[in-house]
Amino acid sequence: MTDSIDKIVSLCKRRGFVYPGSEIYGGLANSWDYGPLGVELKNNIKQLWWKKFVHGRDDVVGIDAALIMNSKVWEASGHVATFSDPLVECVKCHSRFREDQLNGACEQCGGKVFTEAKQFNLMLKTFLGPAEGSENTVYFRPETAQAMFVDFKNVLDTSRKTIPFGIAQIGKAFRNEITPGNFIFRTREFEQMEIEYFIKKDTWQENFEHWRKEMLGWMEDVGIDLKHVHEIEIPAEDRAHYSKRTIDFEFDFPFGRKELYGLAYRTDFDLKNHENASGQNLKYREQGDNTSSGEEYWPHVIEPTWGVDRSLLAILCSAYDDTDSSRTVLKLSPKIAPYKAAVFPLMKNKPELVEAAKKVYTSLKKEFVVAWDDRGNVGKRYYSQDEIGTPYCITVDFQTLEDETVTIRDRDTTTQERIKISELDNFLRSKIRS
Ligand code: ATP
């Protein structure tokens, strides 16, 4: 675990995890691009999540909805009227801040006088089609959640799921944040992984508890240091108006303890509102027996929500270890590490070693994402792979040519063992299986 965000930002830039966006044009404030290793890590996080919460369960199905939805969705959900933060301006230097995040003085000039707070809507607007008018104003979705309510009936009709069941989605969301910052922690464009879990009202407490545990289990799986995770029970006056209970999972980021994930009991607020606004029946009907039709009701909803970018940042902070002065190690779980292994020929100038190593590399590549390195000496290659979190380094040496074995070195313990080439697949498979 590191308490230095500068070390994380610098490693991310140096090794191709995350770069400043539009850098050759001087950048665009608070926009970030994921590089070759960053996109692997991010995809692995998303795939692991999907595997655990969609493929791994019988009661959750996924969707991938359009990012721009009919604006009536955001009117019905309350976002047009209330998705806003209180904006204040320093009267001296005109810097703008969120009133609820002010610490007394202006961070730019130290001024202590601010304008009255104005509610600033966080949704990003654009226009569809060539005319720019209020009739064709649309919004980039500020959360993925609403599509699960809007598509509820279609999913119900096509998936044959019965209550309790959930709809999951991973995708981009946009918020015109007043104060983005802290690297990828708060940006105006980010990704979410969300589940709306539909239940019977009287079961909400047990389902809330179930998802609380699932979220903790996820953090453990993915390598977020639980010693630095705090569950905060949000008091009624701070909860969204529709929520009867909310827990925030906060993490000790290097820049302070901040929200990582949220878990909310949203009651039947959303389906009820969308039914009223759309005129479509969004109730669920219990399966009746032959003589009676079942009870009809709006399901209640438990909503666990995860930020992808904040996950990646918490994972990097948890995994970063430079306590050994001779190396920096990213102790990433093999399940999400960008490369599962790296393959080296002991020496570059021995064609028979290079050829044998290439064979191992090509064969592993059919199933795993693996790196090839033949530069410098083996020590430098280990150093380089440790820094990007590659859990295993496989070296082909002269003994390989005799007995078809290789050395495999463990990133965290730095110990090496010899194993048969024919066992490599199973070895790696067992390490990345969840
Ligand atoms: P915050 O209080 O930090 O603004 P929030 O309570 O508004 O967050 P939610 O609406 O609950 O956040 O969003 C769900 C999740 O999406 C958050 O827990 C977080 O992981 C992620 N998230 C929200 N806003 C951003 C952002 N601007 N940049 C990156 N991730 C975000």
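Author: Before we start, a polar contact here is a pair of N or O atoms within 3.5 Å. Bear in mind, too, that this is a predicted model.

Reader: Thanks! Which side chain places a polar atom 3.3 Å from an oxygen atom of the ligand?

Author: Happy to help. With the cut-off at 3.5 Å, a pair at 3.3 Å from a ligand oxygen qualifies, and the polar side-chain atom in it belongs to Gln-192.

Reader: And how far is the backbone of Gly-307 from an oxygen atom of the ligand?

Author: Gly-307 takes part through its backbone, with an N or O atom facing a ligand oxygen. The backbone of Phe-185 also has a polar atom 3.3 Å from a nitrogen atom of the ligand. For Gly-307, the distance is 3.1 Å.

Reader: How much of the ligand's area does the protein bury?

Author: Start from the ligand taken alone, which exposes 600 Å². Of that area, the protein buries 82%.

Reader: Which strand gives the most residues to the shell around the ligand?

Author: Strand 10 (189–199), strand 13 (256–267) and strand 16 (300–307) each give two or more residues to the shell. The top contribution is four residues, and it comes from strand 13.

Reader: How many residues of that shell are charged?

Author: The shell holds 15 residues, with Glu-177, Arg-186 and Glu-259 among the nearest. Four of the shell residues are nonpolar and five polar, while the charged ones number six.

Reader: Elsewhere, why is one side of strand 5 and of strand 6 left without a neighbour in the sheet?

Author: The open sheet has the order 5-4-6, with antiparallel pairing. Strand 5 (96–98) and strand 6 (118–121) stand at its edges, so each has a single partner strand.

Definitions and conventions:
Residues numbered from 1 in each chain as written. Predicted model: local features only at pLDDT ≥ 70, side-chain atom pairs only at ≥ 80, totals over all residues. Heavy atoms only, no water. Near = heavy atom within 4 Å. Polar contact = N/O pair within 3.5 Å; in protein donor to acceptor, adjacent residues only side chain to side chain. Areas by Shrake-Rupley, 256 points an atom, 1.4 Å probe, with all protein chains shown as cover. Nonpolar A, V, L, I, M, F, W, Y, C, P; charged D, E, K, R; others polar. Pairing = 2+ DSSP bridges.
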